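Student: Could you take me through the annotated binding sites in this model, one after the other, and then show me what sits around them? I'd like one connected walk rather than a table.

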Amino acid sequence: MRVVLVGPPGAGKGTQAQFIASHLSIPKISTGDIFRANVSGGTELGKLAKEYMDRGDLVPDEVTVAMVRDRLGEDDAQQGFLLDGFPRNVPQAQILQKMLAEFGTGLDIVLELIVNDEEVVRRLAGRRTCRSCGKVWHVDFDPPSVAGVCDACGGELFQRDDDREETIRRRLEVYQEQTSPLINFYSDEGILVRVDATGPVDEVTRRAMAALRTPG
Ligand code: AP5
Ligand code: ZN
């Protein structure tokens, strides 16, 4: 199955992507995670991406598209994938469509995770990530047993640079201006399914899985 997850920053795309990808036995491909791995690895791509990410802006399309093209060409993505954070504007969606057509395939379904802005701010302000294993926590909604320490590996938790208040505001603007037009784009394609992403994580996963089983 070839699936795209769309939703505002903090909607829970990363959280849901890992469960959905594991249920469907397909790789989760997150452009945000790939950029962050490059930032921590100090690569040229990471240095370039960080400038945009810290402002809450999109990394230029040519950089992002080349990275996704390489990743989708890998063996494990040939039978299906779950894209988290890509595409993020209509030009990226059009390029993805072309890219998949070259591989002789197309998307099966686009899941839109719906949450309001107030909830987004609560989720992002309280998000903490493990420096060692990358697991994502929340200070109120999914707290570790000892504050600041990852239960899974004992690693130190940190707050993402782009989860500062002014950057969150900019990311929400960018979502409205550039990413939300994807909703009409995929709705016109007949492959958009909307999922209420409020409530407990496992309940949202159940709704998403139900939507994937009965697309349209
Ligand atoms: P990216 O990493 O994709 O950021 P994002 O879209 O802003 O999404 P987030 O990772 O912030 O949130 P999420 O929806 O995954 O939520 P999460 O599951 O963590 O991109 C970062 C940057 O990279 C972009 O700004 C851009 O610069 C660049 N970039 C990436 N892709 C690009 C592209 N295609 N083109 C150009 N640039 C690109 O959950 C959030 C918190 O809420 C967590 O603490 C979690 O524990 C908690 N939570 C989750 N679900 C629930 C629930 N049901 N109830 C309560 N709490 C919950
Ligand atoms: Zn950890």
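Tutor: Before we start, a word on how to read the labels: UniProt positions are given in the numbering used here, feature names are shortened, and annotations may be inferred rather than shown by experiment. Also keep in mind that this is a predicted model. The chain averages a pLDDT of 96, and 99% of the residues score at least 70. For the complex, the predictor gives an ipTM of 0.97 and a pTM of 0.95.

OK, the record. An unreviewed UniProt entry places the feature "binding site" at Gly10, Ala11, Gly12, Lys13, Gly14, Thr15, Arg127 and Gly199. Let's take two of these positions, Ala11 and Arg127.

Ala11 lies in the loop between β1 (2-6) and α1. Is Ala11 buried or exposed? Ala11 counts as buried because 24 C-beta neighbours fall inside 10 Å, and 20 or more is what the label asks for. If we skip the neighbours within four places in sequence, Ala11 is in contact with Leu113, Val115, Val120 and Ala197.

Arg127 is found in strand β5. With 20 C-beta neighbours inside 10 Å, Arg127 counts as buried too. Setting aside residues within four places in sequence, its contacts are Val136, His138, Arg160 and Asp163.

Now for the ligand. There are 34 residues around ligand 1, and the closest are Pro9, Gly12, Gly14, Gly32 and Gly85. Gly12 and Gly14 are also among the annotated positions. Which elements build the shell around ligand 1 by supplying at least two residues each? They are α1 (13-24), α2 (31-41), α3 (44-55), β6 (136-138) and α9 (201-213). Sorted by class, this shell holds 14 nonpolar, 12 polar and 8 charged residues.

The unreviewed entry also gives "binding site" for Cys130, Cys133, Cys150 and Cys153. Those cysteines are spread over 24 residues of sequence, yet they cluster in space, with a largest C-alpha distance of 8.5 Å. Let's compare two of them. Cys133 is placed in the loop between β5 (127-130) and β6, while Cys150 is in the loop between β6 and β7 (157-158). Cys133 is exposed because its surroundings hold 11 other C-beta atoms within 10 Å. Cys150, in contrast, has 21 other C-beta atoms within 10 Å, so it is buried.

Their contact lists tie the two loops together. Beyond four places in sequence, Cys133 is in contact with Cys150, Ala152, Cys153 and Gly155. On the same condition, Cys150 touches Cys130, Ser132, Cys133, Lys135, Pro144, Gly155 and Leu157. Gly155 turns up for Cys133 and again for Cys150.

From there, let's step back to the nonpolar interior. In soluble globular proteins, nonpolar side chains tend to be buried together. Here the largest nonpolar core has 31 residues, and Leu5, Leu82, Leu83, Leu111 and Leu113 are those with the most contacts inside it. The largest share of this core, 4 residues, comes from β1. Leu113 links back to the first site, being a contact of Ala11. Leu82, for its part, is in contact with Val3, Leu5, Ala17, Ile20, Ala21, Ile26, Lys28 and Ile29, leaving out neighbours within four places in sequence.

A few backbone details are worth a click while you're here. Gly80 lies in the loop between α4 (61-72) and β3 (81-84), and it counts as partly exposed because it has 16 C-beta neighbours inside 10 Å. Beyond four places in sequence, Gly80 is in contact with Met1, Arg2, Leu24 and Ile26. Ile26 is a contact of Leu82 as well.

What is the peptide bond from Phe86 to Pro87, cis or trans? It is cis, with omega near -5 degrees, and Pro87 is found in the loop between β3 and α5 (90-102).

Last stop: Ser25, in the loop between α1 and β2 (28-30). Its phi is near 55 degrees, a positive value in a residue other than glycine. Ser25 is exposed, because there are 9 other C-beta atoms within 10 Å.

How values were computed. Residues numbered from 1 in each chain as written. Chains lettered and ligands numbered in written order. Predicted model: local features only at pLDDT ≥ 70, side-chain atom pairs only at ≥ 80, totals over all residues. Near = placed C-beta within 6 Å. Nonpolar A, V, L, I, M, F, W, Y, C, P; charged D, E, K, R; others polar. pLDDT = per-residue confidence, 0-100. Buried ≥ 20, exposed ≤ 12 C-beta atoms within 10 Å, placed from the backbone. Contact = placed C-beta atoms within 7 Å. Core = buried A, V, L, I, M, F, W, Y, C linked by C-beta atoms within 7 Å.
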